[in-house]
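Colleague: Could you take a close look at one part of this structure and then set that part in its wider context? I would value one connected account.

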Amino acid sequence: MVKDPNSTEFQKAIACKKLAFVGGKEVVPTMAALLNHPHLACYARFALEPNPDPSVDDALRAALPKLKGLRQIGVITTIGVRKDAKALDALAKLIDDSDAEVAGAASASVGMIGGLQASRTLQAALGRTKPPVFPVVARATLICAEGLMASNRPRALELYAQLSATTMPGPVRQAAIRVLNAAGPAPAGAKPYPPPTGEAAEKDQSGFLGRGR
Amino acid sequence: MPEEKQAVTRRNFGKTLTGAGAVAAVAGPVAAQIASPGPGQFGPVVVGNYAMVDQLVFGGIGIRGRGMSDLRMLLGESRVRFVGIADVRESARETVKSTVDGYYKNNDCKMYRDPAEILARPDIDALLIATSDRWHGPMAMWAAQSGKDMYIEKPGAMSINESYAMADNVRRYGVVYQSGAQRRNQFAFEFAVGLARSGKLGRLLAVHADTAIGLGTVDAGGHGWWPAETPEPDPLVLNWDKWLGTCLWRPWNTAYPDRGRGEFWDFHAGLLEWASHTVAVAQWAADMEHTQPVEYEPEGGIFRGDGLISRYTINCRYANGVKLVLRNHSWGGLGSCSNRFEGTEGWVETGDSGRIEVSPNLKSLVPTKQGTRYDPTAAHIKEFIDCIRSRTPPRANAEVTAATHVTSHAAWICAQLNRKLTWDPAKRMFLNDEEANRMRGRAYREPWRMEALATSM
């Protein structure tokens, strides 16, 4: 029905929805051909996203450089949901795309795919991106760190430490600090916030505040 | 606040800044991308934007109908100051502003067409979110990513995957989330749950949840109704693309905003119209708030496939053997949103009537307070505000909401497929049923996206 030129847009849309649940390898080329359709691209991704056949990932990677704008963003997002690590190199380049929405979508997908390579990509991007992409990169790094906690805890904590810097977006920084607090004591040599001085210190009869805990 | 007449396209939704207070740069389609790029003048915003101040500053997103009821109760809270409303529908924005300004006797409530603007306001601590169902999950995630606490109407998510993603984000960012499952703070339900959890019913055998809605009605349009396209409205009056949100594209027709919440598969969260309440209460009673049944089996009823169901019972079983029975037909006549709990030493049943029925051996335990029908939303909101202060999870927090929703979505998938399903709560997947597993998610229309580990397959 999707390939039938006599089918209406509505009929094709309903067919895509049904194929999301039952379609296999055989439907992938037909769905991929719709990825640049102004109305049906979302239906094609609806059908492809849950399809477990590996040819879906091949088709999405092949479509990625051929699309622009909204359609490209859609494919980037589906790649992230499917955790296709083979797409990491292509997504890494898109983090520097001139379209901030494309760059943001690529950053988010890299974070969702996760792993060491993704963490290096995002860590580098933290140092060079600017708003509005930077906050997305920070959130993606947070997700990437979370994903690494089970497989590579030292690397994850390294990322969390970086995300706890005062230069990070407030919600991301707070999220990182919560994880670090739960993970263990502060690093050796960490200094407490300076104690009060002057009148406030004079009120401290015990001398506790000034002891340099 | 005056609104400039300017084109609002899908791609600039989330970055249309109209207010002097909306100063943050906006990244793109996901509104939460407006999160501050760094600490402000007074240091970083703490989790939940929390500050020990006399009043918590609230904003609203998508408030009509049920949301107006929430708003009135929120305004009655002396610890709350409501300062702005975002809505894609002009009439809704103006109604909220009129209500708020009338209450405070000023003209201060700001109006926004774009939720990103209200999420960007650093002075706002918390949000009342009462959009239509399809927006609850994304809005919750964006609010969490922006560090805002939220009271958000039910249902909380449109799919199993979105349920997990929502809870992931709330946990990650440490914000306070209260679902609008207000029966968690209603006396009759509290009492019935207390009997079950305290062992007064003996060994618990079954918990029942009235899911009420006839899916035949819900899916009258189902997948199979696509009205003729008519000219889209002025986006300043109603922004159709933003109203449609993450749902699959379809041509504009006035039937959607008028009837769209409940009558089309794309816009509806399955059993969760009432299951958001009754399954939440049932799982609370069974001490199963953080998990789901492992088996789901449709029984009787009329199952026509393709989501078209006019009468149903869905029998579910938790790993410990306790049954969860979902049905869209009542049994005790105790009012809407009924629950019934059965054990080896007694049973209890209640509903929105406020009346409590128990087995004869338990009658002496039923207090005289029973029998009153009342709306517990004020108490539910009060609990939310208490939790903002204490930074502790309220009763209808994101984790228990997600568990409720996964149960309900799994049961709905069972009903649509009309076959027995086995669910693994730890793996978050059905066993030996690929078709059911594919139904766990609904791909978002571009450019929207989730940002969560849980969305990944």
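A hairpin and its surroundings

Modeller: Strand S14 of chain B (residues 421-424) turns B:Leu421 and B:Trp423 towards its covered face, while B:Thr422 and B:Asp424 lie on the uncovered one. In a regular strand, side chains alternate between the two faces of the sheet. The model is predicted: local features require pLDDT of at least 70 and side-chain atom pairs pLDDT 80 or more, whereas totals for chains, interfaces and linings use all residues. Residues are numbered from 1 along each chain as its sequence is written, and chains are lettered from A and ligands numbered from 1 in the order in which they are written. Strands (E, at least two residues) and helices (H or I, at least four) are DSSP runs numbered from the N terminus.

S14(B) pairs with strand S15 of chain B (residues 429-430) in the antiparallel sense, over two bridges; pairing requires at least two DSSP bridges between the strands. B:Asp424 has B:Met429 of S15(B) as its bridge partner. Four residues separate the two strands of this hairpin, in which B:Arg428 adopts a positive phi near 60°.

The hairpin belongs to a chain with 13 helices and 15 strands. Of the 457 residues in chain B, 56% are buried, where buried means 20 or more other C-beta atoms within 10 Å of the residue's own, exposed 12 or fewer, and partly exposed in between, with C-beta atoms placed from the backbone. Contacts are pairs of residues whose C-beta atoms, placed from the backbone, lie within 7 Å. Among those in chain B between residues at least 6 apart in sequence, 72% join residues at least 24 apart.

Elsewhere in chain B, six strands build an open, parallel sheet in the order S3-S2-S1-S4-S5-S6. Strand S3 (110-112) and strand S6 (177-179) of chain B occupy the edges with a single partner strand each, so one side of each has no neighbour in the sheet. From one strand to the next the twist averages 20°; angles run from 0 to 180 degrees between N-to-C directions, and axes are lines fitted to C-alpha atoms, for helices over the stretch in contact. Strand S2 of chain B (residues 80-86) joins S3(B) through three bridges in the parallel sense, and B:Ala86 stands opposite B:Tyr112 in S3(B).

Two helices accompany this sheet. Helix H2 of chain B (residues 90-104) lies across strand S1 (56-61), S2 and S3 of chain B, at about 160° to S2(B). Helix H4 of chain B (residues 133-145) also packs on the sheet, where it touches S1, strand S4 (126-129), strand S5 (149-152) and S6 of chain B, and its direction makes about 165° with that of S5(B).

Within helix H4 of chain B, one residue shows the packing in detail: B:Met139. B:Met139 counts as buried because 27 other C-beta atoms lie within 10 Å. Leaving aside residues up to four places away in sequence, B:Met139 touches B:Ile61, B:Pro115, B:Ile129, B:Thr131 and B:Ile152. By contrast, B:Pro251 is 112 residues from B:Met139 along the chain, and their C-alpha atoms are separated by 23 Å.
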